[in-house]
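Please read the following report alongside the sequence and the model, going through the strands in turn. It is written for a reader who is meeting this structure for the first time.

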Amino acid sequence: MALNCPRCGSTIQTSPEREWEFKAYHVTRYQCECGDKFNLYASPHKTFTIPRPQALKGFCPSCKTRNPAHAIYCKNCGTKLPITQA
Ligand SMILES: [Zn+2]
Ligand SMILES: [Zn+2]
């Protein structure tokens, strides 16, 4: 399974920085080449990533879709994304 950085969208190829358990999830923290760190939450039912709060560029507040950091409009619902200063 390819894992993409929620911030810049590039494929993560580095090994996890650390891993731990959180409730029903196995959490893995990765650091991307762009310097961003994010947590991957994996459970038998659901897998998702949570970027750090300052890494929300491209994140659609309307439908919760993660878009590329350079995106202006959400690829899913077309909402204009908020401009965030990283
Ligand atoms: Zn990145
Ligand atoms: Zn959206």
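How many bridges join β1 to β2, and do these strands run parallel or antiparallel? In this predicted model, five bridges join β1 to β2, and the two strands run antiparallel.

**The sheet as a whole**

The strands belong to an open sheet of four, arranged in the order β1-β2-β3-β4 with antiparallel pairing. Because β1, which covers residues 18-22, and β4 stand at the edges and have a single partner strand each, one side of each of them is left without a neighbour in the sheet. On average, and with direction ignored, neighbouring strands of this sheet are turned by 25° against each other. In general, the strands of a sheet pair through backbone hydrogen bonds, and they do so in either a parallel or an antiparallel manner.

**The pairings, one by one**

The table lists the pairs with their bridges.

| Strand pair | Bridges | Direction |
|---|---|---|
| β1 and β2 | five bridges | antiparallel |
| β2 and β3 | six bridges | antiparallel |
| β3 and β4 | five bridges | antiparallel |

Between β1 and β2, residue F22 stands opposite Y25 of β2, while E21 stands opposite H26 of that strand. The hairpin made by β1 and β2 has two residues between the strands, and K23 in this hairpin takes a positive phi near 50°.

Strand β2 spans residues 25-31 and is joined to β3, which spans residues 37-42. Here H26, already met as the residue opposite E21, stands opposite A42 in β3, and V27 has Y41 of β3 as its bridge partner. In the hairpin of β2 and β3, five residues lie between the strands, and G35 takes a positive phi near 100°.

Strand β4 covers residues 47-51 and pairs with β3. Across this pairing N39 stands opposite I50 in β4, and the hairpin that β3 and β4 form has four residues between the two strands.

**Following one residue across the sheet**

Which residue of β3 does H26 stand opposite? That residue is A42, and since H26 lies in β2 and also faces E21, a reader can use H26 as a point from which to trace both pairings.

Technical notes: Residues are numbered from 1 along each chain as its sequence is written. Chains are lettered from A and ligands numbered from 1 in the order in which they are written. This is a predicted model: local features need pLDDT of at least 70, side-chain atom pairs count only at pLDDT 80 or more; totals for chains, interfaces and linings use all residues. Two strands pair if DSSP finds at least two bridges between them. Axes are lines fitted to C-alpha atoms, for helices over the stretch in contact, and angles run from 0 to 180 degrees between N-to-C directions.
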